[in-house]
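Me: Please take a close look at a single part of this protein for me. I would like to know how its helix packing works at the start of the chain, and then how that part sits in the whole.

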Amino acid sequence: MYTRKKLMEESGSIVYRQGTDLFSMNLISQLNIVENEEADLVEVSGIVGKRADEETRRNHNLLEQAEGFGNERPGSYCRTEVMIDEEYEEISEYRCSCEEYMRSEKLCRHCVALALSYIKKTEEQQDKIPESMIEPRTIVSATSETAFSKLLRFYDKKERLSVMQ
């Protein structure tokens with residue numbers, strides 16, 4: 001599972017902090033996650049930046065279809081895509097329409113914010129797994145303390161019931 005720690009290692013502390021700021025301000029819209037389980041790849045895309053009304057976003061999408069990446073005005077919002085390789089726990093591809101990415105083609109804060117959205121979704125899904133469905137090997141890979149705590153309480157309760165009977 002791709003983690004925040006891996007993301008920070010890949011992006012560096014400054015870009016990671018900037019991406020965390022964008023993420024915490026909830027500036028991600030049109031989040032789309034497509035999983036390719038055969039290849040262990042996850043494509044995450046969305047718009048990162050200032051909140052825009054629906055009409056502005058619709059016009060933005062029409063612009064992108066006509067002209068592709070790279071048309072954003074400074075201070076607006078960016079179309080961002082990140083490909084996460086779950087097997088190797090790394091970002092294998094990324095692109096963003098921001099000037100920073102266009103200049104350097106390095107992982108930018110928008111890519112980090114988008115990757116954090118994916119990480120949050122996977123953590124939420126992990127927390128929603130019914131305890132009865134979790135196999136012992138899953139306990140070892142659980143990344144969420146909440147899910148792990150639930151598992152411990154479940155098995156502790158089960159143990160107490162079997163002792164009482």
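Reply: Here is the helix pair, followed by the setting and the aromatic rings.

The model is predicted. Start with helix H1, residues 4-11, and helix H2, residues 13-24. They pack with their axes 6 Å apart. The angle between them is about 125°. H1 is therefore oblique to H2, because only angles over 145 degrees count as roughly antiparallel and 65 to 115 as roughly perpendicular. The crossing of H1 past H2 is right-handed. Which residues make the contact? On H1 they are Arg4, Leu7, Met8 and Ser11. On H2 they are Ser13, Val15 and Tyr16.

Now the setting. The protein has 7 helices and 4 strands. Along the sequence, the pattern runs α-α-β-β-α-β-β-α-α-α-α. The protein has 165 residues, and 34% of them count as buried. Among contacts with a separation of 6 or more, 55% are between residues 24 or more positions apart. The accessible surface comes to about 10700 Å². Carbon and sulfur atoms hold 49% of that surface.

Last, the aromatic rings. The whole structure yields 1 aromatic pair. Tyr94 and Tyr101 form that pair. Their ring centres are 6.1 Å apart. The planes meet at 75°, and the pair is edge-to-face. Are the two partners buried or exposed? Tyr101 has a relative accessible area of 12%, so Tyr101 is buried. Tyr94 has 28% relative accessibility, so Tyr94 counts as partly exposed. The cut-off for buried is under 20%.

Terms used. Residues are numbered from 1 along each chain as its sequence is written. This is a predicted model: local features need pLDDT of at least 70, side-chain atom pairs count only at pLDDT 80 or more; totals for chains, interfaces and linings use all residues. Side-chain values use heavy atoms; hydrogens and water are left out. Helices (H or I, at least four residues) and strands (E, at least two) are DSSP runs, numbered from the N terminus. Buried means under 20% relative accessible area, exposed over 50%, partly exposed in between (1.4 Å probe, protein chains only). Contact means heavy atoms within 4.5 Å. Accessible areas come from the Shrake-Rupley method with a 1.4 Å probe; for residues, only the protein chains shown count as cover. Rings of Phe, Tyr and Trp (its six-membered ring) pair if their centres lie within 6.5 Å; planes under 30 degrees apart count as stacked, over 60 as edge-to-face and the rest as tilted. Axes are lines fitted to C-alpha atoms, for helices over the stretch in contact, and angles run from 0 to 180 degrees between N-to-C directions. Angles under 35 degrees count as roughly parallel, over 145 as roughly antiparallel, 65 to 115 as roughly perpendicular and the rest as oblique. A crossing is left-handed if the near helix is turned anticlockwise from the far one by less than a right angle, and right-handed if clockwise.
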